[in-house]
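Below are some questions and answers about one molecular structure. Please look at the sequence and the model before reading on.

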Amino acid sequence: MIETQFIPKPYSKNLESGQFTWSSPSNIALVKYWGKKEHQIPENPSVSFTLDYCKTTTTVKFSKKETKENFSFEIFLDGEKKEDFKPKIETFFKRIETYLPLLKAYHFKIETSNSFPHSSGIASSASGMSALALCLLSIEKRLLEDISEEQFNQKASFLARLGSGSACRSIEGDLVVWGNHDDIEGSSNLFGIKYPYDVHQNFKNYQDTILLVDKGEKQVSSSVGHNLMHGHPFAQQRFEQAHQNMSRLMTIFKSGDLESFIKIVESEALTLHAMMMTSMPYFILMKPNTLEVINKIWNFRHKTDSKVCFTLDAGANVHVLYPENEKENVLEFIKNELVDYCQNGHYITDQIGFGAKMIS
Ligand code: PMV
């Protein structure tokens, strides 16, 4: 794939060494991306809330090297050298080299850390890959004449996508769309864009409390999961449904209709898991406690008229979503009724955020 718009002009400036630090958040999809074509092109559009607290902070130190034959880098997580991260980064570098020709000219020391515990079962690929893409692109920005903020964000999202699809939704906030959709102007399969229309006050500062039901390694990696959608008996219907759900959410974002929001969001989460249960091979990624939590949320909603709801990623943990004005009540409910279903009582309180930040 050659997306020529992202191939830079010859570098006009010189830079021997330096460093950049970015922190980039995780995101939680409302309409899910599940199924992709080559080069991380999504089979359907998706939309996510950008998170605030859950993030990766990455520093990239770079220095010019003698030859330009190979990639040269080392990577550290919380100060500890991580040889096992190298193949993933090497693949990422290979994929983006055409768009970031500086990669073979420097040696890189990549130092990264997450705000959430490494073994929490929270995927760090979205925040990790977007933070790395931003640091690398900051180097390019120094080597070029002016590039606008919009061009920078678009290319950062484009590069992040080539690291991990959903990472392209972590550059900006608070609501990001990725994937072509007929009714969303500017939407693209190549990068995420900030949702371009008005959003009702009900969705401002939306809360997300992540219940760590199972902190283990993911049973199925997301690339294996996406591949299971090839030849999946329900794939085409699912992709069409995602388009429809995007259209429905557009109306909901405008009107602030939380009842309808809940229906789409919960159905999307269960559909994602239904796709995994009906693929070949098949997987159940929810745990008994995931179902306990879902039932508790439904009971609470029934009893109290709350607008709390859940969504899931490709694992057992539950994201509890609720409007800001319910914060006190829902946190009380979580403490009283849901904490027991979390591994070691662990949960993370987060909320919608506004995207990545350059630290230095
Ligand atoms: O970005 P990936 O390849 O890890 O895929 C993420 C897929 C889901 O988290 C399950 C859904 C989504 O849209 O984020």
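Q: Which residues lie nearest the centre of the second largest pocket?
A: This is a predicted model, and its second largest pocket has a lining of 16 residues. Those nearest the centre of this pocket are Q5, P8, L144, I147 and Q151.

Q: Which helix gives the largest share of the lining of the second largest pocket?
A: By class, the lining of this pocket divides into six nonpolar, four polar and six charged residues. Four residues of the lining come from one helix, the largest share, and that helix is α3 (residues 149-163).

Q: How much space lies in the second largest pocket?
A: Rolling a probe the size of a water molecule over the atoms shows where empty space is left. For the second largest pocket, this space comes to about 380 Å³.

Q: Between which domains does the ligand lie?
A: The shell around the ligand includes A29, S164, S222 and A314, among others. Residues of this shell come from two domains, so the ligand lies between domain 1 (3-197) and domain 2 (204-351).

Q: How many charged residues does the shell around the ligand have?
A: The ligand is surrounded by residues that include K32 and R169. Sorted by class, the shell holds five nonpolar residues and five polar ones, and the charged residues number two.

Q: What share of the accessible area of the ligand does the protein cover?
A: A polar backbone atom of Y33 is 2.9 Å from an oxygen atom of the ligand. Side chains also take part: a polar atom of S164 lies 3.2 Å from a ligand oxygen, and an N or O atom of S222 is 2.7 Å from a ligand oxygen. On its own the ligand has 380 Å² of accessible area, and the share covered by the protein is 90%.

Q: Where is the residue that a cis peptide bond joins to M280?
A: Most residues other than glycine have a negative phi, and most peptide bonds are trans. The bond between M280 and P281 is cis, with omega about 0°. P281 is in the loop between α6 (258-277) and α7 (288-304).

Q: Which residue does a cis peptide bond join to G173?
A: The residue in question is in the loop between α3 and β8 (175-178). Omega of the bond is about 0°, and the partner of G173 is D174.

Q: What is the phi of Q40?
A: Q40 is in the loop between β2 (36-37) and β3 (41-42). Although Q40 is not a glycine, its phi is positive, at about 55°.

Methods:
Residues numbered from 1 in each chain as written. Predicted model: local features only at pLDDT ≥ 70, side-chain atom pairs only at ≥ 80, totals over all residues. Heavy atoms only, no water. Near = heavy atom within 4 Å. Polar contact = N/O pair within 3.5 Å; in protein donor to acceptor, adjacent residues only side chain to side chain. Areas by Shrake-Rupley, 256 points an atom, 1.4 Å probe, with all protein chains shown as cover. Nonpolar A, V, L, I, M, F, W, Y, C, P; charged D, E, K, R; others polar. Domains from an automatic or database assignment. 1 Å grid on protein atoms, 1.4 Å probe; cavity = no way out; pocket = protein on both sides within 12 Å on 5 of 7 lines; lining within 4 Å. Points joined across faces, edges and corners; volume = space filled by probe spheres on them. Helix = DSSP H or I, 4+ residues; strand = E, 2+ residues; numbered from the N terminus.
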